[in-house]
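Hi there,

Here is the structure I promised to pass on to you. Please open it next to this email and follow along as you read.

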Amino acid sequence: MKQCTYLSFLVLFLQTPMKKTKQLIGEAGATFVNAFTVTPLCCPSRSSILSGRYPHNHQVRNNSLTGNCSSPLWQKGPEAEAFPVFLSKKKYQTFFSGKYLNQVGNSQYYNYTLSVNGKAEKHSDTYEKDYLTDLILNWSLTFLDERSPQHPFFMMLAPPAPHSPWTAAPQYQQEFNNVQAPRDGSFDKPGKDKHWLLRQPTNPMPNSSIVYLDNAFRRRWQTLLSVDNMVEKLVKKLDSIKELDNTYLIYSSDNGYHTGQFSLPIDKRQLYEFDIRIPLLVRGPGIKPNQTLKAPVLNIDLAPTILDISGVNLSTVKMDGESFLYQMAPSLRNGTARPFFLVEYTGEGSPVSDPSCPKLGSGVSECFPDCVCEDAYNNTYACVRSLDGSHNLQYCEFADSESFVEMYNLTTDPHQLQNIVKTVDPSVLQLMNQRLIKLQSCIADSFPLSCTACRLLLNVGTLRNVLI
């Protein structure tokens, strides 16, 4: 019986440290150069990956329980209809290891507690026994050894790297010592004509911020070397057990990241390309090597694609995403790319002023000592992103006291330096506004037609393994 393995590394932003991964997955299959998250924050994005839904349909707003991250409401609702549930019904052997949602799992590398099949397991700070990225790898190799060859398997691996605190394995702590964050594009550019939060940072950045973000950039790369090693060992293992040719391997992330863009030191949460673009590499049966695919793909498309591969009838699931199997394996599917999509985010703030930045008052969060805050209540927005052969546009509306609007033509302004909302043709603004309203109004009761331009209804005839 053929199978399909899904390997999910949900944390990569830049691929330079990932040479083995690029070779073993990207060059052996498809590289998607226009992959996006529908929300640039950990728990809401991971909830979208699991459910295949936009945030306004799974209701996870941020990383807290009050923001519905792994809350009872999530567990009883969207989680009960997450794609692994359907895989289990198809007799898949499922395995997950690493950071699940922010209330379940860790972004630590040492000194953490895991839930192992419902039982707490404490770990200390010994590299050989406790370094989380390596521990995830070792458990996954054991799973592959102990699985039943009579049924397909699904694996989802979510190591902490390159999340803070950026603790690299001992053998990699001296790597990339001469690397610094890229200085091109919007690096240390003023956030003029942008929403309130982007108008606050000091420009140019003080040297202390630049030193800090360069150090973070290097350390993130160092942690990714262990992930790159993980990919190599998993590919070798699949090959040794004669499953590599029967397995789909998917490498992606939950969000992008910025290091100095628009004078913001480090974080995500923003509507701009550096925070919403994600890597996506896929190899597997029917996928020709060395493909570079340009049609847009979203993280909400991962779930329906995996279910499509496994043979689930997609008309029976409540998901906003759509299968992109047709893009990478056109011999297996027919389909067309969506012309536009939604990106949305609910900002977080504090009811009291931050000690690092009292002058900004209450309502801000994620503040640095030099009074740069990365988030705020008024950093709540919804965007429609149009990307096809004719248009490369982004239109965003903020839920703030200014009813602020931003619009960018990324064909002429790829780094989003100039907000053209006051100069663009009013008919274009009206069209983008109408698209945004349509996308924001899609609800679970109207699945599957309201949130997707088209739905693939064909099934895969044979079961395959998936590794994400």
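Let's start with Tyr127, which is partly exposed because its relative accessible area is 21%, and buried would mean under 20%. Tyr131, in contrast, has a relative accessible area of 0% and is buried. Please keep in mind that this is a predicted model.

How are the rings of Tyr127 and Tyr131 placed in their aromatic pair? A pair of aromatic rings is described by the distance of the centres and the angle of the planes. For Tyr127 and Tyr131 the centres are 5.5 Å apart and the planes make an angle of 45°, so the pair counts as tilted, being neither under 30 degrees nor over 60. These two tyrosines also belong to a cluster, in which ring pairs link Tyr109, Tyr110, Tyr127 and Tyr131. Across the whole structure, the search finds 20 aromatic pairs.

Rings also turn up with charges over them. The charged end of Arg220 sits over the ring of Tyr257, 3.6 Å from the ring centre. Likewise, Lys89 has its charged end over the ring of Phe86, and there the distance to the centre is 5.5 Å.

Next, have a look at Cys42. The UniProt record, an unreviewed entry, annotates Cys42 as "modified residue: 3-oxoalanine (Cys)". You will find Cys42 in helix α2, which covers residues 42-51. Is Cys42 buried or exposed? Its relative accessibility is 2%, so Cys42 counts as buried, the limit being under 20%. Leaving aside residues up to four places away in sequence, Cys42 touches Asn63, Lys99, Asn102, His163, Asp254, Asn255 and Lys268.

Finally, there is a sheet to trace. Strands of a sheet pair through backbone hydrogen bonds, either parallel or antiparallel. Here four strands form an open sheet in the order β14-β17-β18-β19, and their pairing is antiparallel. Which strands stand at the edges? They are β14 (340-345) and β19 (405-409); each has a single partner strand, so one side of each is left without a neighbour in the sheet. From one strand to the next, the twist averages 15°.

Within this sheet, β17 (residues 381-387) and β18 (residues 392-398) run antiparallel and are joined by seven bridges. If you want one bridge to look for, try Val384, whose partner in β18 is Tyr395.

Enjoy exploring!

Best wishes

How values were computed: Residues are numbered from 1 along each chain as its sequence is written. This is a predicted model: local features need pLDDT of at least 70, side-chain atom pairs count only at pLDDT 80 or more; totals for chains, interfaces and linings use all residues. Side-chain values use heavy atoms; hydrogens and water are left out. Two strands pair if DSSP finds at least two bridges between them. Helices (H or I, at least four residues) and strands (E, at least two) are DSSP runs, numbered from the N terminus. Axes are lines fitted to C-alpha atoms, for helices over the stretch in contact, and angles run from 0 to 180 degrees between N-to-C directions. UniProt positions are given in the numbering used here, feature names are shortened, and annotations may be inferred rather than shown by experiment. Buried means under 20% relative accessible area, exposed over 50%, partly exposed in between (1.4 Å probe, protein chains only). Contact means heavy atoms within 4.5 Å. Rings of Phe, Tyr and Trp (its six-membered ring) pair if their centres lie within 6.5 Å; planes under 30 degrees apart count as stacked, over 60 as edge-to-face and the rest as tilted. A charge sits over a ring if NZ of Lys or CZ of Arg is within 6 Å of the ring centre and within 35 degrees of the ring normal.
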